[in-house]
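The exercises below ask you to read secondary-structure packing, strand pairing, burial and backbone angles from a model. Work through each task with the coordinates open before you turn to its solution.

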Amino acid sequence: MNLISLENICKSYSEKILLNNISLGINEGEKIGVIGINGTGKSTLLKIVAGISTYDSGNIITANKLTISYLSQNTYFDDNATVIEQIFNGNSPFMKVLRDYESTLNEINKNPEDDILQQKLVAIISKIDSFNGWDLEGEAKIILGKLGINNFDAKVNSLSGGQKKRIALASALIKPSDLLILDEPTNHIDNETVAWLEEYLNKRKGALLMITHDRYFLDRVTNRILEINRGNIYSYAGNYSVFLEKKLERQELEKSSEEKRQNLLRRELAWIKRGAKARSTKQKARIQRFEELRDSGIEQVDDKIEISAASTRLGKKVLELHNINKKYKDKVVINDFSYIFSKNDRVGIIGPNGMGKSTLLNICTKKIAPDNGEVIIGETVKFGYFAQGNKEINKNLRVIEYIKEGAEFIKSENGELISASKMLEMFLFTPEMQWTPISKLSGGEKRRLYLLRILMEAPNVLILDEPTNDLDIETLTILEDYIQSFNGTIIAVSHDRYFLDKIADKLLVFKGKGLIDYHVGNYSEYMEKENQRLKDTPEPSVKKEKSKAPKEENKCKNKNNTLKFSYKEKREYEQIDDIIQNTEDEICKLDEEISKCTTDYVKLEELLQNKKEVEEKLEHLYERWEYLNELAQKIQDQKK
C-alpha cells in the first residue's frame, strides 16, 4: 500500500535549488536510506515528507490516517522535564494519557493516602488499557536502557548532549507510526547500540525513511536507496551495495550518452564554423538545434572530493604515553596506560560512550593533563585535531576567509601549489559559495569546511574525534582515501564500523574502569576474535558443577578405598532439603509480586531478573541434591 506520494516537488533557498521537480512514492514496509553530499537537501526532503517544512510547488498525497514519527537533528528539549516525560511529549491522545499517568504516579508517591489521586489513577489505567498501552511504556523503558539511559526520573538539563540525542531517538522509536523518519540516528551512539538499532529496525514492520552515513547500517537495514544529486532524485531498489553497483551502471550510461552528444556537437560546430548564414529557415533551425545541443549537456562534475595528501615532515619520535592515569571525581577513565605511537600508525579507538576516549585524545595533545604519568611529543609533530564540534569556526567569516586563515596555498604530495580557492572547489564549494558567510551553511557543509581547514594546515599527526558524525558518505570515502596515502600518524575515535575497517590496523579498546586493551587488526577482525573468545569461554556454575561431581566422589575415598562424606558435604547433605524448600518458596513469592507489578515496569524488570537468578540457583541445588543422595546411598551400601 502506498503511504505517501510526492509529485513535482520544488524547493529552493535563495538562489540555491535543493529539490527540482522531484516525484517520489513511499510504500508500506519499505526501508529507505537517503544519501547525497551535505547541503544537497536530504534533511529538507525528510522535513517535507514529515509535514514540518513547506515546499515551493508540487503536491503531496497521503494515505488515510497516516501516522508519522520523526527524529530531527535538532530536537526541542524541555530542560525541566524528566527523561520519561520528554519521551512521551507528543500530542496524540495516547501520549497525553501516558503523561497523565506518569505525573499522577509522581503525585501519589508524595501523597500515598490521597483517595482522589488513587481514583484518578484507576481512571487513567482504564484509558491506557483501552489503548493497549502498557507494552508501549515497557518498550520505551527497554529502548532507553539499550541506549544507555537508565535513570528515567533524571532531569533533561542534567544530561549531556549525546544523552539528549539518545532520548530523542527513543522518543521517535516508541511512537506508534506507519512511517518512521530518522535524520542521522547513528550519531552519538556507540557500536554496540548501533548493532542493537539495526536489529530493532529490521524487526520493525512499518516503513522507514532515514539519512545516515553508516554504510554497514545502510547495507543491513535498507531495501531501497534514494540519492539526491543537484536537485534531482535517483531511486535504487536494494541496499547500499546494490546502490553502488547500479550507480556505476547509471554513470557509465550517462558517460556513453554524453560522448555521443559531444561527437554530434563537434560535427555541428564544424558546420557553424564553415560559415553558416542565418538567412534561410532551414539554416536558422539548424543553428537553433546546435545551441540547444550545446546547452543540453549532462553535468559531468563528479561529486568526489579529491584531497592531496600534503603533510609536513615527521621525525622518528611521534607520541609516547607512559603510565597515564586520569579520573573524574570517583570515576577512573584511564588506569596506568602506556603506548608509543609511531610514524604511519593507523590507530582506531573504540568503546562505549562516556568511557574516556575523547579524554585520551585531549591528553595526547596536552589539552588536558593526566593526574600522573608522562606525555612525550616529538619535536617535529604538527597536530591536526578534527574535534566533534566545529570549535574553531568563526561564523561571521566568509568561507574563503576562514580557509585562508589556515593557509593561502597548500603543497600537494607531488610538490604542486594549490590555492585555497582551488581546494574549496575540490571540496564542492563553488566560486559563488566561497563568498557565502559561514553562518548560512548547513551543518554538514560546516563540518566539511572544518575538515578542509585542518588539512590545509598540513598536519603530520591527524587526530579525528568521531569524524563520521554529520559528514556525508562521499566526503568520508575521500577522507578514507586521503588517510591511506597520508604520510603521518592517524589516531581516530569512531563508532563507524565501516570507517574503522578501512582506516585502522590497530585498535585501542576501552573496557571500563580505566582498562584499555590493545588489538592488532581492524574492527571486524577484532569483533571476530571477541565472538570466538565468548564461544570458547566455558559455561559457568551449573555445567562446571556437573563435571566436578565425579572428581569429588574420588576425593571422598580414604586410603582403604572406602567412600565417606567430607565435613563440608555432610553439613550440606543435612541442610539441602530445607534450602531447596526455602528457594522454592522464594520463587512463589516472586511470582506473587510479579503479578502485582504489571504497571510498574522498572520494578517488574527487577523482579523478573531476580526470579531468573533464583531459578538458576534452584537448578544448581537440585543437581547437588542428586549428587549428595547418590553418594549417601553408596556409603550406606558399602556398610552392608
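**Exercise 1.** In the open sheet of three strands, determine the strand order, the edge strands and the helix that lies across β1, β2 and β4.

Solution. Begin with the pairing: in this predicted model, three strands make up an open sheet in the order β2-β1-β4, and their pairing is antiparallel. Next, identify the edges: β2 (16-27) and β4 (57-62) each have a single partner strand, so one side of each is left without a neighbour in the sheet. From one strand to the next, the twist averages 10°. Then examine the contact between β1 (residues 2-13) and β4, which run antiparallel and are joined by five bridges; within β4, Thr62 is the residue that stands opposite Ile4. Finally, look for the helix: α1 (residues 42-50) lies across β1, β2 and β4, and its direction runs at about 130° to β1.

**Exercise 2.** Describe the open sheet formed by six strands, including its order, its edges and a helix that packs on it.

Solution. Tracing the strands across the sheet gives the order β5-β6-β7-β3-β8-β9, with mixed pairing. The edge strands, each of which pairs on one side only, are β5 (68-71) and β9 (232-237), and the twist averages 15° from one strand to the next. For the pairing inside the sheet, take β3 (residues 31-35) and β7 (residues 207-211), which run parallel and are joined by four bridges; here Gly33 has Met210 in β7 as its bridge partner. The last step is the helix: α6 (residues 161-174) packs on the sheet, where it touches β5 and β6 (179-183), and its direction makes about 170° with that of β5.

**Exercise 3.** At what angle do the axes of α12 and α14 cross, and which residues meet in the contact?

Solution. Two quantities are needed, since a pair of packed helices is described by the angle between the axes and the distance between them. For helix α12 (residues 399-406) and helix α14 (residues 443-456), the axes come within 8 Å and cross at roughly 25°. Because angles under 35 degrees count as roughly parallel, α12 is roughly parallel to α14. The handedness of the crossing, in which α12 passes α14, is right-handed. Turning to the residues, α12 contributes Val399, Tyr402, Ile403, Glu405 and Gly406, which meet Leu449, Tyr450, Leu452, Arg453 and Met456 of α14. Sorted by class, this contact of α12 with α14 has seven nonpolar, one polar and two charged residues.

**Exercise 4.** For strand β18, establish how many residues are buried and which strands pair with it, and then consider the burial of helix α11.

Solution. Start with accessibility, where buried means under 20% relative accessible area. On that criterion five of the five residues of β18 (residues 489-493) are buried. Splitting the strand by face shows that both faces are covered, with Thr489, Ile491 and Val493 on one side and Ile490 and Ala492 on the other. Now add the neighbours: β12 (residues 346-350) pairs with β18 in the parallel sense over four bridges, and Ile349 stands opposite Val493 in β18. Strand β17 (residues 461-465) also runs parallel to β18, to which five bridges join it, and the bridge partner of Ile463 in β18 is Ile491. Helix α11 (residues 357-364) is likewise mostly covered, with seven of its eight residues buried; these are Lys357, Thr359, Leu360, Leu361, Asn362, Ile363 and Cys364. After α11 comes Lys366, which has a positive phi near 65°.

**Exercise 5.** What is the sign of phi at Asn323 and at Asp336, and are these residues buried or partly exposed?

Solution. The reference point is that most residues other than glycine have a negative phi. Asn323, although not a glycine, has a positive phi of about 50°; Asn323 is found in strand β10 (residues 319-328), and its relative accessible area of 43% makes it partly exposed. Asp336, which lies in strand β11 (residues 331-341), also has a positive phi, near 50°. With a relative accessibility of 46%, Asp336 counts as partly exposed.

Conventions
Residues are numbered from 1 along each chain as its sequence is written. This is a predicted model: local features need pLDDT of at least 70, side-chain atom pairs count only at pLDDT 80 or more; totals for chains, interfaces and linings use all residues. Side-chain values use heavy atoms; hydrogens and water are left out. Axes are lines fitted to C-alpha atoms, for helices over the stretch in contact, and angles run from 0 to 180 degrees between N-to-C directions. Helices (H or I, at least four residues) and strands (E, at least two) are DSSP runs, numbered from the N terminus. Angles under 35 degrees count as roughly parallel, over 145 as roughly antiparallel, 65 to 115 as roughly perpendicular and the rest as oblique. A crossing is left-handed if the near helix is turned anticlockwise from the far one by less than a right angle, and right-handed if clockwise. Contact means heavy atoms within 4.5 Å. Ala, Val, Leu, Ile, Met, Phe, Trp, Tyr, Cys and Pro count as nonpolar, Asp, Glu, Lys and Arg as charged, and the others, Gly among them, as polar. Two strands pair if DSSP finds at least two bridges between them. Buried means under 20% relative accessible area, exposed over 50%, partly exposed in between (1.4 Å probe, protein chains only).
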